[in-house]
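Dear colleague,

I am handing over the structure we spoke about, together with notes on what was found in it. Please look at the sequence and the model first, and then read on.

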Amino acid sequence: MKPRARDILRADRVSKLFGRIPACNSVSFSLREGEVLGIVGESGSGKSTLLRCLAGRIPPDAGTVRIASDDHLVDLWAMDEASREQFLPTTVSLIHQNPRDGLRLDISAGGNIAEPLMAAGGRHYGSLRATALEWLEKVDIESRRVDDPPEIFSGGMQQRLQIARGLATHPRLVLMDEPTGGLDVSVQAKLLDLLRRLVHELGIAVVVVTHDIGVARLLADRLMVMQHGRVIEEGLTDQVLDDPHHPYTQLLVSSVLQV
Ligand SMILES: Nc1ncnc2c1ncn2[C@@H]1O[C@H](COP(=O)(O)OP(=O)(O)OP(=O)(O)O)[C@@H](O)[C@H]1O
């Protein structure tokens, strides 16, 4: 019998207020190894705020975020800052909508992949370069571009490089904020294909925030729908999209069908 996949992430009643705005209101869920959770919802519903609390970027006002470390879960926000800064780079990767927010534009493509590997302890130049070349190939960037700075890459190439940079350290948990947003449709389709392939190959746990129901359907095993900071519906992706229960989810799904 196949062993049960273990939990990589457990969020329990995560809340974040900005002034009087409850950007994120008592959100709980868990995520297993190899699983992809999609988060959809209208603009301002708290998706990015939740992601930033999970990524260790902003502390929640209440609730806990626990992430797998070796064979147990550690409470991200109960750690002291130095321990959190040591823990995060090798465990969690955040992929931004705008690749420029996740890349170092002033260093080479190879350097962008090698940098997080070095932060994780990699020292040998030859093996760092070999890993960088391997990852460029995985994300369909020609190896002859290894010394080019991402500044001169197209938007789609920059996004693929950001993904290579984010995954090369083999994080357990990958958080993606609109990874295909801002790209034209054919580039989006290729990128989605690549993401599906990598998620399957690497067995990583992924949370993907998206406005796009098509992206959610293609990538996510489970779906969470947010409105006004709360989770209003969740379940298997096909179940939620084919038989939505909450009126907002029904509206979301029907608006896509009409396009
Ligand atoms: N740094 C901040 N300061 C004050 N308010 C904020 C801040 N960040 C987010 N908010 C507010 O929190 C709420 C949720 O914002 P958030 O960016 O998480 O939504 P979202 O669902 O990701 O939206 P979008 O899909 O448009 O990116 C919004 O009302 C937003 O104005």
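The notes below take up the annotated domain, one helix, some strands, the ligand shell and a few single residues.

Please bear in mind that this is a predicted model, in which local features need pLDDT of at least 70 and side-chain atom pairs count only at pLDDT 80 or more, while totals for chains, interfaces and linings use all residues. Residues are numbered from 1 along each chain as its sequence is written.

According to the UniProt record, an unreviewed entry, the annotation "domain: ABC transporter" covers residues 9-253; UniProt positions are given in the numbering used here, feature names are shortened, and such annotations may be inferred rather than shown by experiment. Over residues 9-253 the chain is 39% helix and 27% strand, with the end C-alpha atoms 28 Å apart. Helices (H or I, at least four residues) and strands (E, at least two) are DSSP runs, numbered from the N terminus.

Helix H5 is a convenient place to begin. The expected span of a helix is taken as 1.5 Å times one less than its number of residues, so the 13 residues of H5 (residues 155-167) should span 18 Å, and this agrees with its end C-alpha atoms, which are 18 Å apart. How many of the 13 residues of H5 are buried? The count is 11 of the 13, so H5 is largely enclosed by the rest of the structure, where a residue is called buried if 20 or more other C-beta atoms lie within 10 Å of its own, exposed if 12 or fewer, and partly exposed in between, with C-beta atoms placed from the backbone. Those buried residues, among them Met 157, Leu 161, Ile 163 and Leu 167, pack against strand E6 (92-95), helix H3 (109-119), helix H4 (125-138), strand E7 (173-177) and helix H6 (185-202).

Arg 165 lies in this helix, H5, and is buried because 27 other C-beta atoms lie within 10 Å. Leaving aside neighbours within four places in sequence, Arg 165 is in contact (C-beta atoms, placed from the backbone, within 7 Å) with Gly 102, Leu 103, Asn 112, Ile 113 and Pro 116. Arg 165 and Gly 111, which are 54 residues apart in sequence, are 9.2 Å apart in space, C-alpha to C-alpha.

Turning to the strands, pairing here requires that DSSP finds at least two bridges between two strands. Strand E9 (residues 222-227) pairs with strand E10 (residues 230-236) in the antiparallel sense over six bridges, and the two form a hairpin with two residues between them, where His 228 in the turn has a positive phi of about 50°. Within this pair, Leu 223 stands opposite Gly 235, and Met 226 stands opposite Val 231. E9 is also joined by five bridges to strand E3 (residues 36-41), with which it runs parallel, and there Gly 41 stands opposite Met 226.

Gly 41 also belongs to the residues around the ligand, which further include Phe 18, Ile 21, Ser 43, Lys 47 and Thr 49; a residue is counted as near a molecule or strand if its C-beta atom, placed from the backbone, lies within 6 Å of it. Strand E2 (21-32) and helix H1 (47-54) each supply at least two residues of this shell, and H1 gives the most, with three residues. By class, the shell has three nonpolar, seven polar and one charged residues, where Ala, Val, Leu, Ile, Met, Phe, Trp, Tyr, Cys and Pro count as nonpolar, Asp, Glu, Lys and Arg as charged, and the others, Gly among them, as polar.

Some single residues may also deserve your attention. Most residues other than glycine have a negative phi. Ser 26, found in strand E2, nevertheless has a positive phi of about 55°, and counts as partly exposed with 14 C-beta neighbours inside 10 Å. Glu 178, in the loop between E7 and H6, has a positive phi of about 50° and counts as buried, with 20 such neighbours inside 10 Å. Ser 28, also found in strand E2, is in contact with Ala 11, Asp 12 and Arg 13, leaving aside neighbours within four places in sequence.

With kind regards

Terms used
Contact = placed C-beta atoms within 7 Å.
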